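Q: I am new to this structure and should like to learn how to read its features. Where should a reader begin?

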Amino acid sequence: QAIQPRALLELANGNALMRLQTDDEIKPLQKYVMYKNDITLWYKEMEDYGLNQEEIEIMKELFSGEYGVCCTQESLMRASMHPKLSNYTMVEANVIRKVIGKKQIKKIPETKETFYRKCIENGCREILPDYVWNKQFNNQMSYAFSIPHCTAYSWILCQEAWLYTMYPSIYWNTAVLQVNSGSIEEEGKKEAQSNTAKISSAIGQLQDNNVEIANPNINTSEIGFTPDEEHNRIQVGFKPVSGINNTMAKVI
């Protein structure tokens, strides 16, 4: 919601950013929103850090697509492979991705030293790898997503938003209740006993959001939870009732 995405890639970036945590006062997601709303704030950050114009242009080339916040594994690899930075090979870039993205603590000091050394050997001022490491790579020092990973999540989100927008919301809420209550059973697997605590919790969460849940009804209930579009409510079935299994529910 804060990002207000207008493209799938922005939505994917949001999925990646929400998982990133740093010790900085401003978190990566907050910074992304700030810079998207006013990109000059990113330019000012680089100037204040001490980067010259040529170095700033390199950063723009690498990170403008993410509004100045390195948020995916591919972005980190692409930066480390830049010919005016460390100029890593694909293999070397994959190594730094694994160390940083999976936070292999013992390997971080050596990885950092190698990155700085490669940049300086390639003609960089030390301040450039310092900025890249502290302000860009540091975003991913916990758990970073790859683009295919967060894009797949984002595409599912688009489909969910479409369903919620184009159809009565009671269908979506019923689906949420089915999942959160553990009511969906995989075909071919042994029937699981209803988890009353889980069902109660899932029902309570929806009721807290003003979704009406109708008690089991001998005339209208089915086996599980079903949407009642006419009355804009979810009809509780027989299976969630304690002591009733699928066979008994079907007989009823």
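A: A convenient starting point is the idea of contact: two residues touch when they have heavy atoms within 4.5 Å. The model is predicted. In it, leaving aside residues up to four places away in sequence, V211 touches I170, N173, L206 and I234.

Q: Where does V211 lie, and is V211 buried or exposed?

A: A residue counts as buried when its relative accessible area is under 20%. V211 has a value of 11% and is therefore buried. Its place is the loop between helix 11 and strand 1. As for its partner I234, the two C-alpha atoms are separated by 7.9 Å, although V211 and I234 are 23 residues apart along the chain.

Q: How does one read the helix that precedes this loop, and which residues of helix 11 are buried?

A: One may begin with the span of the helix and then ask which way its residues point. Helix 11 covers residues 196-208, which makes 13 residues. From its first C-alpha to its last it reaches 18 Å, close to the 18 Å expected at 1.5 Å a residue. Its buried residues are I199, A202, I203 and L206. These cover an arc of only 95 degrees around the axis, so they are on the same side of helix 11. The face turned away from that buried side carries the exposed residues A197 and D208.

Q: What do the buried residues of helix 11 pack against?

A: They pack against helix 10 (169-180), strand 1 (212-214) and strand 3 (233-235).

Q: What is found at the start of helix 11, and what just after helix 11?

A: At the start, a side-chain oxygen of N195 comes to within 3.2 Å of the backbone nitrogen of A197. Just after the helix, N210 takes a positive phi of about 65 degrees.

Q: Which residues of helix 4 are buried, and which are exposed on its other side?

A: The same manner of reading applies. In helix 4 (residues 53-63), the buried residues are E55, I56, I58, M59, L62 and F63. Viewed down the axis, they fall within an arc of 155 degrees and therefore line one face of the helix. E54 and E61 are exposed on the other side of helix 4. The buried residues of this helix pack against helix 3 (40-49), helix 5 and helix 8. The N-terminal end of helix 4 is capped by N52, with a side-chain oxygen 3.2 Å from the backbone nitrogen of E54.

Q: How should one read a polar side chain that is buried? What does Q136 touch?

A: One looks for its neighbours and for a polar partner. Q136 lies in helix 8 (residues 127-136) and is buried, with a relative accessible area of 0%. Not counting residues up to four places away in sequence, Q136 touches W42, F63, G68, V69, C70 and Y131. The side chains of Q136 and Y131 are joined by a polar contact of 3.4 Å.

Q: Which side chain is joined to that of N15 by a polar contact?

A: The partner is S154, and the polar contact is 2.9 Å. N15 belongs to helix 1 (residues 8-17) and is buried, at a relative accessible area of 11%. Residues up to four places away in sequence aside, N15 touches F145, C150, Y153 and S154.

Q: How are pairs of aromatic rings read, and how many aromatic pairs are there?

A: Rings are paired if their centres lie within 6.5 Å, and planes over 60 degrees apart count as edge-to-face. By this rule there are nine aromatic pairs. One of them joins Y88 and F115, edge-to-face, at 6.4 Å centre to centre with 80 degrees between the planes. Y88 lies in the loop between helix 5 (73-80) and helix 6 (90-101), and F115 lies in helix 7 (residues 108-121), so the pair ties together parts that are 27 residues apart in sequence. Y88 is buried at 7% relative accessibility, and F115 is buried at 0%. F115 also pairs edge-to-face with Y116, at 6.3 Å centre to centre and 80 degrees between the planes. Y116 is buried as well, with a relative accessible area of 9%.

Q: Which residues form one aromatic cluster?

A: The cluster is formed by Y88, F115, Y116, W133 and F137.

Q: What lies over the face of Y43?

A: K60 does, at 4.3 Å from the ring centre.

Key
Residues are numbered from 1 along each chain as its sequence is written. This is a predicted model: local features need pLDDT of at least 70, side-chain atom pairs count only at pLDDT 80 or more; totals for chains, interfaces and linings use all residues. Side-chain values use heavy atoms; hydrogens and water are left out. Rings of Phe, Tyr and Trp (its six-membered ring) pair if their centres lie within 6.5 Å; planes under 30 degrees apart count as stacked, over 60 as edge-to-face and the rest as tilted. Helices (H or I, at least four residues) and strands (E, at least two) are DSSP runs, numbered from the N terminus. Buried means under 20% relative accessible area, exposed over 50%, partly exposed in between (1.4 Å probe, protein chains only). A charge sits over a ring if NZ of Lys or CZ of Arg is within 6 Å of the ring centre and within 35 degrees of the ring normal. The expected span of a helix is 1.5 Å times one less than its number of residues. The arc is that of the directions from the helix axis to the C-beta atoms. A polar contact is a pair of N or O atoms within 3.5 Å; within protein, one must be able to donate a hydrogen and the other to accept it, and residues adjacent in sequence count only if both atoms are side-chain atoms.
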